[in-house]
Amino acid sequence: MLVRIPSRNHRFDSRLRQAGVATPSLFRSALLGNGLLNGPSGQVEYAVYDCHLRDGLIRATETGEEPRILAVLVKSLQDQLHFNPNFHLPVVARSRHNSSLRGSNLPPSQRVTVMIKGNRVSDHPLYRDDQLTLQIVEKYHTPTYVFDEKTVRMNAREIMNSIAYRPFHPRYACKALTIGAILNIVREEGFWIDASSINEVDRALRAGFKAAEIYYTGEGATLEVYSTLVQRGILVNCTSIDQIRLLGRAGATRCSLRLNPGEGHGANHKTNTGGPSSKHGIYFTQIDDARSVAAENGIKVVGVHSHIGSGTDLSRWLFIKDKTLEMAKRFPDLEIVNLGGGFPVIYDDDKDDGMPLEGWGNALSASMDEFSRQIGRKVDLQIEPGRFLVAGSGVLLAEAQAVKTTDPDERSAGYNFVIVNTGLNHNIRPSLYGAFHPIRFVPRDGVSRAVSKPYVVAGYLCESGDVFTVTAENDGTLAPRVFPEVRVGDIMVMAGVGAYSHSMKSEYNSMNLPASILIEESGHLRVIERRGTLDDLMRRELEAYDDTSS
Ligand SMILES: Cc1ncc(COP(=O)(O)O)c(C=O)c1O
């Protein structure tokens with residue numbers, strides 16, 4: 001977020017005072033002198049950052065909300081630089097949307113390096129608010145997912161606003177998080193839906209989406225499902241030639257085709273959905289066959305789709321977008337190009353890069369303009385991000401239930417384990433992908449602990465792979481993290497669980513499913529899904545019946 005303020009401004013100064021700065025004018029000059037505030041004469045401009053000092057540089061992350069961030073900015077600078085208006089550090093400033101340098105008119109010796117990263121999962125409001133965390137736990141208990149409405153809306157708007165090309169219809173890949181309250185928010189933000197199953201279609205319809213706004217991409221297919229979709233007027237995205245035949249039998253006259261462009265890219269090999277080793281889509285060398293089968297079945301191919309992976313490198317995404325557009329030219333009835341999702345989110349501040357929305361949006365819009373010029377008409381541009389909208393919107397709260405140690409052996413110095421009352425049943429990503437999730441512990445007694453130690457954070461399941469702090473290699477190697485001393489009863493806040501955690505949850509070990517709370521835009525807390533019960537777990541068993549007579 002970039003805020004313009006006059007260089008002398010009482011309102012700003014009073015906000016600084018509220019944020020704990022006794023001498024606002026000195027503080028302003030310190031920021032100005034270090035390139036954090038910089039702008040045309042008479043105006044200063046500051047991006048609102050959450051800062052931390054690493055390797056002698058200030059790393060700052062642009063985040064959402066001005067007053068909150070201002071307070072964090074002030075605190076970080078005061079704590080970490082022992083606030084001295086004359087400090088000088090080297091600077092490189094990058095904004096979330098724009099890679100141009102800020103403060104670059106200052107001599108290099110006076111610049112502060114400001115690395116700005118957007119869509120950081122640790123920016124969830126609860127991740128830094130111990131009091132609210134404890135209040136929520138007191139009222140709703142653990143384990144509990146807590147989702148933040150503002151984060152979803154902000155991410156949705158950023159996608160919407162970064163593309164100038166029209167017509168443009170972003171779809172929310174609702175497999176990422178399918179709770180009705182979230183679907184509603186996304187609908188209000190003007191997104192359409194990418195559904196992967198008939199139940200996702202129904203959940204979207206119940207959330208108020210129109211059939212024409214839903215697009216169906218499912219790897220498996222039955223005549224019954226296809227017939228229902230066709231009757232409802234939902235566009236089916238066929239991912240195999242067999243599906244085109246089946247769709248013909250279901251009476252469709254239009255379809256889209258998911259094509260495998262021959263290469264893909266994902267945050268890891270399990271989330272790569274393109275190339276010869278991917279099961280997804282119709283391989284690009286079989287386009288002629290796909291076209292003939294569609295024609296034989298009286299189906300017009302009106303859409304071409306590719307989705308190359310999740311957590312993709314954006315330069316690969318843009319490269320494969322060109323391949324998809326080339327393939328799309330082979331379909332004369334084309335109305336829609338859907339380029340999939342997979343946009344990156346920052347789980348690990350030290351390793352992950354954010355999404356360069358502005359550069360990406362400009363490149364995509366320019367390609368679409370050029371594509372329209374080449375084919376002589378405009379087609380509807382669609383994309384289908386899931387993770388980008390919701391990953392940072394969710395945290396998982398759990399309670400430390402045991403802290404124990406193991407002795408050293410020839411391979412390790414032994415470990416400190418914290419066992420929390422959640423596990424891979426509520427966030428499977430670390431065990432499935434070696435995924436990193438930021439974790440912190442809130443002391444239950446509200447008193448911070450002086451001594452820090454390395455801990456392995458493990459779940460409560462009877463399953464040895466039920467560990468949250470593992471290496472990215474995904475071979476189950478433990479990766480302890482240093483936390484202030486953790487005691488039984490402390491609350492674990494795990495960030496980044498908005499995408500593919502709640503939606504991949506299970507009842508393994510017959511554990512009850514967690515409750516889900518929404519922090520509404522107003523700050524009001526709403527239970528959007530109640531905690532599971534033993535009756536929920538056993539309902540289908542209790543309703544089972546003996547059909548030997550039939
Ligand atoms: C076809 C398709 N579209 C969109 C997505 C969403 O990906 P992401 O959540 O990484 O944006 C996926 C994820 O697997 C997918 O398979």
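Take the contacts in this chain between residues at least 6 apart in sequence: 69% of them join residues at least 24 apart. Keep in mind that this is a predicted model. Here's a quick tour, from the whole chain down to a few aromatic rings.

**The chain overall**
- The chain has 550 residues, and 53% of them count as buried.
- Its secondary structure adds up to 15 helices and 22 strands.
- About 23800 Å² of the chain's surface is accessible, and carbon and sulfur atoms account for 50% of that.

**Aromatic pairs**
- To describe a pair of aromatic rings, you give the distance of the centres and the angle of the planes.
- Ring centres have to lie within 6.5 Å to make a pair, and by this rule the count is nine aromatic pairs.
- One to look at is F441 with F483: the ring centres are 5.2 Å apart and the planes sit at 75 degrees, so this pair is edge-to-face. The cut-off behind that label is an angle over 60 degrees.
- F441 belongs to strand β17 (residues 439-442) and F483 to strand β19 (residues 481-484), so the pair ties together parts that are 42 residues apart in sequence.
- Are F441 and F483 buried or exposed? Both are buried.
- You can also look for W317, F343 and W360, which form one aromatic cluster.

**Charges over rings**
- K323 has its charged end over the ring of F284, at 5.4 Å from the ring's centre.
- R440 does likewise with Y127: its charged end sits over that ring, 5.9 Å from the centre.

Notes: Residues are numbered from 1 along each chain as its sequence is written. This is a predicted model: local features need pLDDT of at least 70, side-chain atom pairs count only at pLDDT 80 or more; totals for chains, interfaces and linings use all residues. Side-chain values use heavy atoms; hydrogens and water are left out. Rings of Phe, Tyr and Trp (its six-membered ring) pair if their centres lie within 6.5 Å; planes under 30 degrees apart count as stacked, over 60 as edge-to-face and the rest as tilted. Helices (H or I, at least four residues) and strands (E, at least two) are DSSP runs, numbered from the N terminus. Buried means under 20% relative accessible area, exposed over 50%, partly exposed in between (1.4 Å probe, protein chains only). A charge sits over a ring if NZ of Lys or CZ of Arg is within 6 Å of the ring centre and within 35 degrees of the ring normal. Contact means heavy atoms within 4.5 Å. Accessible areas come from the Shrake-Rupley method with a 1.4 Å probe; for residues, only the protein chains shown count as cover.
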